[in-house]
Amino acid sequence: MNAPTTRRLTVAQALVEFLAHQYTERDGRRHRLINACWGIFGHGNVAGLGQALLESDGALPYLQGRNEQAMVHAAVGYARQCDRLSAHAVTTSIGPGATNLVTGAALATVNRLPVLLLPGDIFATRPADPVLQQLEVPHAGDVSVNDALRPVSRYFDRVTRPEALIPAALQAMRVLADPVDTGAVTLALPQDVQAEAYDWPEEFFADRVWRVTRPLPDADALAEAVAAIRGARRPLLIAGGGVHHSEAEDALCAFADATGIPVASTQAGKGSLRYDHPADIGGIGHTGTATADALAREADLVIGVGTRYTDFTTASATLFAAPGVRFLNLNIAPFDSHKLGAASLVADARAGLEALTKELSGYRVDAEYEDGYGAAKAAWERRVDAAFGAADDSVRPSQTQVLGALDALVDDTDIILNAAGSLPGDLHKLWRARSRRQYHLEYGYSCMGYEIPAAIGVRMAAPGRPVWALVGDGTYLMNPTEIVTAVQEGIAITLVLIQNHGYASIGGLSQETGGERFGTDYRFRAADGTYTGAPLPVDLAANAASLGMQVLRAATVGELRAALAEARGANRPTCVYVETETADTVPGAPEAQAWWDVPVAETATRPAAVAARQAYDRHAAGRRRHL
């Protein structure tokens with residue numbers, strides 16, 4: 001019998017070779033699972049994975065980042081745009097390089113988006129102890145700072161021997177390709193083990209396909225779901241991110257066309273239907289539309305498709321107010337399908353919607369219900385027009401007028417990115433999503449600093465589409481580093497940088513909860529600690545230009561329109577910089593349509609906090625458990 005064929009490679013070389021041969025497949029279409037590797041090198045990966053990536057001669061393309069957290073954000077943006085069928089890896093040195101991954105890993109796992117993390121680790125063989133940047137734990141010699149990644153990873157392993165890479169790598173790919181369990185996957189790689197050679201079986205490097213299936217609903221559960229829908233008078237469907245991940249938009253459209261059931265959307269699910277579809281009633285929850293939230297308060301059946309039901313969606317358990325309201329959840333994850341005491345339909349979103357549409361043949365909601373939400377939708381669109389419009393092109397724009405100028409310019413191909421600040425609320429209520437994956441809001445973790453690197457990842461996944469990163473001044477100051485990466489790689493993202501001299505969203509929340517906007521302004525302070533009102537002499541546009549961006553400044557609505565049009569046609573990274581009027585001065589800007597639970601001090605001496613607590617108690621009285 002011939003001995004199995006082997007190849008002698010280091011652990012790092014073997015891992016790179018292995019990753020270059022992993023694929024996903026869904027609906028007969030194959031995708032490279034790990035399409036590139038981001039990296040910042042230092043001790044712990046420079047002579048291991050760094051050397052291996054160089055030696056691979058492009059088999060696993062390398063991308064240079066400037067900040068470890070930002071590299072994860074870029075990888076996540078890429079994976080989301082690829083419907084989770086392709087992902088990126090991220091490698092770092094040990095110590096601070098590794099711990100900088102934690103925030104990005106949490107974001108990926110919260111949003112159920114795949115990313116492979118490959119941090120360097122301390123020596124497995126302990127030739128010197130401690131080594132540079134090693135965390136010493138007196139009661140546990142096998143702990144390193146990489147253990148901070150355990151709670152934010154869907155899978156974690158530390159590869160302390162060469163042969164241990166084989167099962168670890170296979171498990172890592174399984175989780176990355178699993179639509180239920182996916183998220184951040186961490187393989188911690190001790191720096192000595194990375195450089196150690198081993199005789200690897202050739203089978204380890206063969207092409208391997210991880211099939212992403214579309215589980216069908218159970219027949220009895222499907223029959224129960226159909227009966228629940230047929231028995232409902234005021235059903236409402238909530239489309240979550242799972243609709244996009246499953247590429248179920250056409251199936252949802254067919255369901256809505258056939259049944260007339262209105263469709264609201266979470267931040268992750270917005271765009272599941274085009275904004276002008278008769279059944280699309282916009283965002284739901286704290287940042288939702290008046291149309292969707294009014295229907296939610298009276299719905300007798302709520303059909304959740306691919307949603308996690310976060311507190312923003314449920315208005316902190318105050319939104320679904322009808323006494324006998326029941327829930328039906330179509331979700332590929334059993335964990336999510338059972339939320340709110342729902343009847344559970346565990347299935348792929350597209351397969352489940354197709355099955356429901358077929359079994360509901362002949363069913364349609366009452367014409368009165370359909371006409372009612374249609375009229376409410378039209379009324380809300382008039383409010384959007386008022387918020388977007390500007391009577392005079394010579395005035396300084398408001399934030400909603402910035403969105404209006406962009407809305408008037410884009411078409412189905414454009415992609416809008418945002419994650420934090422006051423923009424998510426305005427976008428969820430107002431943005432008119434024209435196509436699938438146009439609306440890209442990271443609101444599971446709502447991480448400041450996500451937008452710029454994520455835009456790079458999205459543009460890499462969709463190279464022919466204009467990509468707009470909408471960024472406030474607070475978010476920009478958190479993480480502008482990857483502008484340099486975009487310039488270096490020639491990735492033509494467009495940054496819309498909105499300067500309002502502070503944390504607008506948290507400032508408003510502070511005011512509402514009795515905090516009186518404490519610590520939320522970017523302004524000079526007087527000797528007594530109060531703000532003087534004068535903005536800081538900070539020029540963020542000059543900063544973006546210094547990092548290599550083309551910068552277009554816009555002081556008025558008219559200049560803004562011209563700058564946006566020029567930026568859309570640019571073939572290099574471009575920033576449109578605009579100072580805005582405050583949200584408090586915007587006529588027609590819709591306020592929050594539902595509550596969000598942020599606890600207020602139960603005892604206080606300042607009148608603002610006392611009044612805020614009274615308002616809090618009134619809202620909190622409306623919370624309920626759906627069992």
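## Two oblique helices

In this predicted model, helices α16 and α23 sit oblique to each other. That label follows from the angle: α16 (residues 399-407) and α23 (residues 557-568) pack at about 40°, and because this falls outside the ranges for roughly parallel (under 35 degrees), roughly perpendicular (65 to 115) and roughly antiparallel (over 145), the pair counts as oblique. The two axes are 10 Å apart, and the crossing is right-handed.

Who does the touching? On the α16 side, look for Gln401, Val402, Ala405 and Leu406. On the α23 side, the contact comes from Val557, Leu560, Arg561 and Leu564. Sorted by class, that makes six nonpolar residues, one polar and one charged.

## A strand covered on both faces

Now over to strand β18, which spans residues 415-418. Both of its faces are covered. Ile415 and Leu417 point to one side, Ile416 and Asn418 to the other, and all of them are buried.

β18 also has pairing partners to look at. With strand β20 (residues 467-472), β18 runs parallel, joined by three bridges; here Ile416 stands opposite Trp468. With strand β19 (residues 439-441), the pairing is again parallel, over three bridges, and Asn418 of β18 faces Leu441 of β19. So Ile416 and Asn418, the two buried residues on one side of the strand, each turn up in a pairing as well: Ile416 with β20 and Asn418 with β19. As a reminder, strands in a sheet pair through backbone hydrogen bonds, in either a parallel or an antiparallel way.

## The six-stranded open sheet

Elsewhere there's an open sheet of six strands, and it pairs in parallel fashion. Reading across, the order is β14-β13-β12-β15-β16-β17. The edges are β14 (280-283) and β17 (343-346), each of which pairs on one side only. Neighbouring strands are turned against each other by 20° on average, ignoring direction.

Zoom in on one neighbouring pair: β15 (residues 301-305) and β16 (residues 326-331) run parallel and share five bridges. In this pairing, Leu301 has Arg326 of β16 as its bridge partner.

## A helix across the sheet

Finally, which helix lies across β15, β16 and β17? That's α8, made of residues 219-230. Relative to β17, α8 runs at about 130°. This places α8 over the β15 and β16 pair with its five bridges, as well as over β17, one of the edge strands of the sheet.

Key: Residues are numbered from 1 along each chain as its sequence is written. This is a predicted model: local features need pLDDT of at least 70, side-chain atom pairs count only at pLDDT 80 or more; totals for chains, interfaces and linings use all residues. Side-chain values use heavy atoms; hydrogens and water are left out. Axes are lines fitted to C-alpha atoms, for helices over the stretch in contact, and angles run from 0 to 180 degrees between N-to-C directions. Helices (H or I, at least four residues) and strands (E, at least two) are DSSP runs, numbered from the N terminus. A crossing is left-handed if the near helix is turned anticlockwise from the far one by less than a right angle, and right-handed if clockwise. Contact means heavy atoms within 4.5 Å. Ala, Val, Leu, Ile, Met, Phe, Trp, Tyr, Cys and Pro count as nonpolar, Asp, Glu, Lys and Arg as charged, and the others, Gly among them, as polar. Buried means under 20% relative accessible area, exposed over 50%, partly exposed in between (1.4 Å probe, protein chains only). Two strands pair if DSSP finds at least two bridges between them.
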